[in-house]
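Got your viewer ready? Load the model, colour it by chain, and let's walk through it one selection at a time.

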Amino acid sequence: MTKALDLKDKYVSDFEVFSANGGSSVPQWLQDLREQGIQCFRDVGFPTKRDERWRFTSMSRVTGTKFALANGERPSVSVAEVRQHVLVTGSNQLLVFINGRYSQDLSSTSGVPEGVIACGLREITKRGLDIVEHHLGKYAKPSDSPFTALSTAFVADGAFLYVPRDTIMGDPIQLLFLTASGGRPVVTHPRNLIYMESGAAASVVESHIGLVEDTYWTNSVTEAVVRDNARLHVYRVQRESEQANHTATTQSHQSRDSSFALTTVELGSALSRHDINAVLGGEGADCSLYGLTQIQGNQHVDHHTTIEHVKPHCNSWEFFNGIYDEKSRGVFTGRIVVRQGAQRTDSKQTNNNLLLSEGARADSQPQLEIYADDVRCTHGATLGPIDDNALFYLQTRGIEADVARSLLTYGFGVEILNKIVVPELRQLLDELVHARLDEGAERRVKS
Amino acid sequence: MLEIRNLHAGVDGVEILKGIDLTINAGEVHAIMGPNGSGKSTLAQVLAGHPAYGVSEGSVVYEGRNLLELEPEERACAGVFMAFQYPVEIHGITNAYFLRAAVNAKRRCQDLEELDPIDFMEVLEQKLDVIGWTDSLMERPVNHGFSGGEKKRNEILQMAVLEPKLAVLDETDSGLDIDALKAVAEAVNTLRRPDNASLVVTHYQRLLNFIVPDFVHVLARGRIAKSGGKELAHELESKGYDWIKEPAGVV
């Protein structure tokens, strides 16, 4: 405990240095926002497993290491290297971030439609756009979690996307976050704001990738505002270094008749905790959350989701699958809140967990809080090894046992990948899932 | 084709089959009938090689080979097929993908080149034509969200595509409405050939109005209590199973 306390003080004093350095060049509202963030963090500190929301996930990998704010020094990354990590080619809608900092040189925005703003948050803050001031930090609040509090305290850069009224972006826009520590472990706080005006449509591919296998910490927050009748699909691919830590919040706020979908695929990092908070704040809105976790070794991935039905006639659909090998561990919390007056809510939640080895473990907890009386909420969870009956079924069709096992595991993954409508991304993730399956199968043969 | 001699088998140490003798020749359709708990499904599972069922005595020779020594997938490659009473739902894998994997597994053990998706679709469409169905279930995950009828049809489609020598249909009629039952039966009849054989396991005589068997066997308490021609099925329909049970104890 003393250790975590010391490190809390470290980040508080880091903030003082950070704030003094950048204080003169940022507008007052941003300075105030940062102060709110550090205030909150100072009050609550890091969570422990005694906190109900953190009982299955120890954050000691984060709280026990001194991470320095990734400020000036950044690894040099070539265009060729960036190209390797690009998930969708040819659209010229690419924002690249090195250690959390927007890199104009490596990005390309020539394909962005007229009226759309896609740029670094630092840059747009300097330009003084009202929309940033009015919306940044208004949905993912510092009081929600100590990590959002830290993100708010150290908010500096990240992606900003504004899609004007009735503008349809055909190709997905990519946000590529590349990170490497270099000499000492660093922390980055990428902060993204996506604002979809009425009738706008876009898909965003947000990926977090480790450049080398070293220890660092990414603490990312994405806020998405989806106005009346707008549509947004965020694809999120987490492939951090397997020694890295990843904490993230994705916070959406939807207005009337809008549609928001998040498809998140977690493959990397030693420790990952993703808080997904979706607010259905207008009638007739539709929210879909899909997640696939496929991990091995001692990896740990925790999805903590909250869907809040505030208005009537909204649908939410949540579907998370996990494939856990070796000693890896998965956690899923699916909290659904139906506020008073949110009648005719239709909500479905499914969480399936496949344990490929005896050392793997998964915890699943649905939490339904319903304050309206005319609603339909269903939830279901499964947990266990490959189903013997399914295996036998495939074998009776001539499929060899090991091929059948791999096919059944793949099916678990593909169920989520099928939600990806960007063909190139779907294909790439399919290959990654396959590669990891083959790796696991090979290890089993050897041992 | 298949010779079962004095087969004793069970699950979790409980003996269910207590000495089955049955010979099936190419071109024949045999029906196994019997009340619930008589061991009908156990016989089907043992023939398909379900690992939960243990054989304590007796032999099963299929085309000159000891069937009981083969893994389920080896039995499939040798031409044994079982249509499941409760077809299993498979997450994520489409019917088309699954069927192609099954066909290619069979082709591998026949030393034939595997089919790519395009060639496979051709084969599939021919089969769909033969049994008169559309391919509307092909892009859906295997049996996932299928109605009872769709699941059973899907079993028969797999049988059509895999062209088994010996097909075991385990209660394929259970839970089917009359139209689905007719469709399934017609498909089975279309696939009937002089060089293959079927073992139709059913509780009800109704299916046998559509799939006309050459032989009917009545199973009671783990043994074949009575064998006869198709007329035996009609007798069972009018008299029920009770009159069979008595002699079974004596045998």
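One term before we click: a residue counts as buried if 20 or more other C-beta atoms lie within 10 Å of its own, as exposed if 12 or fewer do, and as partly exposed in between, with C-beta atoms placed from the backbone. This is a predicted model, where local features need pLDDT of at least 70 and side-chain atom pairs count only at pLDDT 80 or more, while totals for chains, interfaces and linings use all residues. Residues are numbered from 1 along each chain as its sequence is written, and chains are lettered from A, with ligands numbered from 1, in the order in which they are written.

**Stop 1: chain A as a whole.** Select chain A and show it as a cartoon. You'll find 10 helices and 21 strands; these are DSSP runs numbered from the N terminus, with helices being H or I of at least four residues and strands being E of at least two. Its radius of gyration is 21 Å, close to the 22 Å that the globule rule gives for 447 residues, so chain A is as compact as a globular protein of that length. (That radius is taken over C-alpha atoms, and the rule is 2.2 Å times the number of residues to the power 0.38.) Buried residues make up 52% of the chain.

**Stop 2: the open sheet.** Now pick out E3-E2-E6-E9-E11-E13-E15-E17-E19-E21 of chain A, the order of an open 10-stranded sheet with mixed pairing. Strands pair if DSSP finds at least two bridges between them. Strand E3 (101-108) and strand E21 (375-384) of chain A are at the edges with a single partner strand each, so one side of each is left without a neighbour in the sheet. From one strand to the next, the twist averages 10°. Zoom in on E13 (residues 259-266) and E15 (residues 286-295) of chain A: they run parallel and share eight bridges. One pair to label is A:Ser259 and its bridge partner in E15(A), A:Asp286.

**Stop 3: the helices against it.** Add helix H9 (residues 401-417) of chain A, which packs on the sheet and touches E15, E17 (315-324) and E19 (345-355) of chain A. Contact here puts the C-beta atoms of two residues, placed from the backbone, within 7 Å. Next, select helix H10 (residues 423-446) of chain A, with 24 residues. Which residues of H10(A) are buried? Show A:Leu425, A:Leu429, A:Val433 and A:Leu437 as sticks. Their cover includes strands E9 (201-210) and E11 (231-239), along with E13, E15 and H9 of chain A.

**Stop 4: strand E12.** Jump to E12 (residues 245-254) of chain A, home of A:His246. In E12(A), 10 of the 10 residues are buried. Strand E10 (residues 217-226) of chain A pairs with E12(A) in the parallel sense over 10 bridges, and A:Ala224 stands opposite A:Ser252. E14 (residues 271-280) of chain A also runs parallel to E12(A), joined by 10 bridges.

Centre on A:His246, which is buried, with 26 other C-beta atoms within 10 Å. Its bridge partner in E14(A) is A:Ser272. Leaving aside neighbours within four places in sequence, the contacts of A:His246 include A:His208, A:Thr218 and A:Glu240.

**Stop 5: chain B.** Finally, bring up chain B, where 21 residues are in contact with 18 residues of chain A. On this side of chain B, helices H2 (72-77), H3 (95-109) and H5 (148-162) each give two or more residues.

Notes
Axes fitted to C-alpha atoms, helices over the stretch in contact; angles between N-to-C directions. Expected span 1.5 Å × (residues − 1).
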